[in-house]
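Please open the structure in your viewer and keep the sequence beside it, since each stop on this tour asks you to select something and then look at what is there.

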Amino acid sequence: MSANRGLGDFNDNLHYATANGATANLTFSGTGIEVYGEQYTDQGDIGVSIDGGPQQVVSTVPADGQRRANVAVFSKTGLSPGSHTIVVTKLSGQYAVLDGFTVLGG
């Protein structure tokens, strides 16, 4: 965990991983989910899977090279109402940053 960075993180703290293959899991009840993290040049790709489905690869490197904290890096809507599990996996880059989740339609 990293705290007090002063970069706009939710509650001024976040979690990060440096090892490829590191995961974060959340079981939630709703019809959608947003994953919040950071976009920056030291980031890379994350993989996101919901309910054991295929992993969607998401780049967290911004095209313009500008740091963006507490930004939705992944969003999924249209899930059936009920319980779901999301798995976020660090695939590449120096860091993968997780700043939180927002459950939709819960």
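Select β5 and β8 together, and you will find two strands that run antiparallel and are joined by 5 bridges. Bear in mind, as you look, that this is a predicted model. To see one facing position in this pair, pick Ile46, which stands opposite Lys90 in β8.

Keep β8 selected and add β3, because here too there is a partner, with the antiparallel pairing of β3 and β8 extending over 7 bridges, where DSSP needs at least two for a pair. Within this pairing, Thr23 is the residue to highlight, and opposite Thr23 you will find Thr89 in β8.

Now return to β5, residues 45-50, and add β6, to which β5 is paired in the antiparallel sense over 4 bridges. Ile46 appears again at this stop, since Ile46 also stands opposite Val58 in β6.

With these strands shown together, which order do the 4 strands of the open sheet follow? Reading across the sheet, the order is β3-β8-β5-β6, and the pairing is antiparallel. Colour β3 (23-29) and β6 (56-59) separately, for these two stand at the edges with a single partner strand each, so that one side of each has no neighbour in the sheet. If you turn the view to look along the sheet, the twist from one strand to the next averages 25 degrees.

The next stop is the interior, where the largest nonpolar core has 14 residues. Show the side chains of Ile33, Val35, Ile46, Val48, Ile50, Phe74 and Ile86, which are the residues with the most contacts inside this core. At least two core residues come from each of β4 (32-39), β5, β7 (68-76), β8 (83-90) and β9 (96-104), and the largest share, 3 residues, is supplied by β5.

Stay in the core and centre the view on Phe74. Which residues does Phe74 touch, if those up to four places away in sequence are not counted? They are Ile33, Glu34, Val35, Val48, Ile50, Gln56, Val58 and Ile86.

Finally, show the whole protein, which has 0 helices and 9 strands, and in which 34% of the 106 residues count as buried. Among the contacts with a separation of 6 or more, 78% are made by residues 24 or more positions apart. If you switch on the surface, about 5600 Å² is exposed, and carbon and sulfur atoms supply 47% of that area.

Note on methods. Residues numbered from 1 in each chain as written. Predicted model: local features only at pLDDT ≥ 70, side-chain atom pairs only at ≥ 80, totals over all residues. Heavy atoms only, no water. Buried < 20%, exposed > 50% of the residue type's maximum accessible area, 1.4 Å probe, protein only. Contact = heavy atoms within 4.5 Å. Areas by Shrake-Rupley, 256 points an atom, 1.4 Å probe, with all protein chains shown as cover. Axes fitted to C-alpha atoms, helices over the stretch in contact; angles between N-to-C directions. Core = buried A, V, L, I, M, F, W, Y, C linked by side-chain atoms within 4.5 Å.
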